[in-house]
Amino acid sequence: SLSWVSASANSHDDFLECLCSYHPKESSSITQVIYTETNSSYSAVLDSSIRNQRFSTPNTPKPLVIVTPLNISHVQATIHCSKKHGLQIRTRSGGHDFEGLSYVSHVPFVVIDLVNLRSVDVDVENEEAWVQSGATVGEVYYRINERSTNLTFPAAVGRTVGIGGSISGGGDGLLFRKYGLSADNVIDAQLVDANGRVLDRRSMGEDLFWAIRGGGGGSFGIVISWKIKLVHVPSTVTVFSVGRTLEQNATQLLHRWQYVAPNLPNDVYSVVTISTTNASENRTKTVLATFISLFQGGANDFIPLMQERFPELGHVKEDFIEMTWIESLLLLNGASNETSEILLDRSNRYSILPPSFKSKSDYVRKPMPEIALQGLWPQLLEVDEGGIGVHYFIAYGGIMEEISETETPFPHRKGTLYKIYYNIGWLEEESNNSQRYISWMRKLYSYMGPFVSKSPREVYLNYRDLDIGRNNYYGKTSYKQASIWGRKYFKNNFDRLVYVKTKTDPKNFFKHEQSIPPRFH
C-alpha cells in the first residue's frame, strides 16, 4: 500500500539515524553492516540464503533494511531502533524457514541476518562447544571434525541449515535416535531479549531456557550463541541404500519397515525416500522406495543385524558401504565426490530441495495398513512432469522413547513410530503453476489424515506450514486462535510457552505469523 511506502520512507531514515546514534563510538562499524534498497549489495545479501524461490518474487515484500551484525551491540541497536520506530524484526540464521518467515513480513520490517555471527569454538577436552546462531550445521560438523574425528553434534542432515533456527525448532537428524535432538544437547545459551538485555542460562532462568530449545525462533528474543554438548562417533560408520519399485514389492516392504525400523538399536538411523521413476521395462512411471540406513559401527555388525531384523529386503553384502562419519554426511548431502570443505559452502549447490517447494509433515503412531499405502501411490504418480515429489519416512524410537514430552517444547517422543516429511517442488519455469502443486500437496495431506496422529494432528515445527493456522498480521492474536496451530507443533507444551512469552515479552515485540502470543494479547 502507498501509505506503507510513504510511512516507511520516513521511519526508514529515522531508523538509520537511530542505529548510527545508538553507539556513536561504533557508528562507523554499524554503517558497514546496514543494507538498504539503494545499496548495490542489498539484493545479493537478501538472496544469499533464500532457500525457497517461492518467496523471492517481484511481489514478495522486502525488508526496509537488512542488518548483518558483527557483534552483540549491533543486535541491541537494531532491537532498540526497531522498537522505537515501529518496525518488525525478522531474524535469519540459515534461511531455511519453509514459509520464508525469517526474511518476509507483510508489515514494514527489518531483517537481522546472523551470517557474520557464525563462530564455532570447540573444547575437545570437555567435549563442548560454543556455536553462534549464524553458523550452518555444515560449518558446525566441519569445525568439530577438524579438532576431533570422533566427536560431533546431533544436528540436521542438510549442510546449509542454520544451527540457530534448527535448534530453536528441536532439530532431529542422523544421531537423534542415539543422542536425542539438537535442542536436547544444549547446556547454555546467550540471548538478547526485547529490552536489549544479554542473558545467559542463569540470568534468563530455566523457563526461558526451556522455551528457546524447541519453542521456535522469533518469539522470545534473539539467541546469539549456544553452548552444546558434543557426542561420540566411531571411526567407521556403515551406510546402506537399497531401492525397490512397486514391481519389486515396495508396498509390502514399506509396510514391514513400519514394524522393524522404530525398534532397531539406537545406533541405526533409518529413512525411506519415496519418489517416482520410470520403470526400466516399459518406461511407465512407477513409485520407487529407497531404504537408507546409517549405522554407527562397521559392516560386520550391521549386516547380521539387518539380515535378522529385515530379511524381506533381500540385502547383499555389496549394499553396505563403510566410511567415516564425515564421509557419510557428504554422501547424504549428495556431495560424495567432494572433499569435506563442501560443508563450509553456504550456497544451494547440491541442495536436496528443489528451487521452489511446499512441504508438510506428519507423525505416525500406528502402522499404516497396506491398503492405505496402495491408495497413496496413484496420487504420487499423478504429479505432472514439471513437479518433483519426494517424501521421507524417518524412523523414530531409540532414546526418543525415553525422553519426556515436556523435557523441551518438542513433544513428538514416546509412541511415535516415524515422521513423514512431504515435499513437492517445481522448477522456475513452472512458477506460474505453483498454486496447482500446492493444491496437490494439500490433497495428499488430507488423504493421509486417517492414518496419522490425531487430536492434535502433530506437525514438526522445523517443517513450518502456515496451512495449519496463523496469527493476525494486524491487531491482536487470541490465545484461542494461536492454540489451533500451537497444539499441533507443541501439544500441551503450548501453554507453558505462552506463560514464558507473557513473562519475557508481554508487549509482543518479537512476532510473526506463528510466534507464541502473550496471554493478555
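In this predicted model, helix α8 (residues 201–212) lies across β8, β9 and β10, and runs at about 105 degrees to β8. These three strands belong to an open sheet of 5 strands, ordered β5-β6-β10-β8-β9 with antiparallel pairing, in which β5 (120–123) and β9 (198–199) are the edge strands, each pairing on one side only. Helix α5 (residues 137–147) also packs on this sheet, where α5 touches β5, β6 (128–132) and β10, and the direction of α5 makes about 35 degrees with that of β5.

UniProt, in an unreviewed entry, places the feature "domain: FAD-binding PCMH-type" at residues 59–233. Over residues 59–233 the chain is 26% helix and 25% strand, with the end C-alpha atoms 46 Å apart.

An open sheet of 7 strands, again with antiparallel pairing, has the order β15-β12-β14-β13-β17-β18-β16. Because β15 (320–323) and β16 (356–364) stand at its edges with a single partner strand each, one side of each is left without a neighbour in the sheet. From one strand to the next, the twist averages 20 degrees. Helix α13 (residues 434–448) packs on this sheet and touches β16, β17 (387–395) and β18 (418–426), its direction making about 160 degrees with that of β18.

One strand pair from each sheet is set out below.

| Strand pair | Bridges and sense |
|---|---|
| β8 (residues 186–192) and β10 (residues 222–229) | 6 bridges, antiparallel |
| β12 (residues 237–245) and β14 (residues 285–295) | 8 bridges, antiparallel |

At the residue level, L191 stands opposite V223 in β10, while S241 has I292 in β14 as its bridge partner.

Note on methods. Residues numbered from 1 in each chain as written. Predicted model: local features only at pLDDT ≥ 70, side-chain atom pairs only at ≥ 80, totals over all residues. Heavy atoms only, no water. Pairing = 2+ DSSP bridges. Helix = DSSP H or I, 4+ residues; strand = E, 2+ residues; numbered from the N terminus. Contact = heavy atoms within 4.5 Å. Axes fitted to C-alpha atoms, helices over the stretch in contact; angles between N-to-C directions. UniProt positions renumbered as here; feature names shortened; annotations may be inferred.
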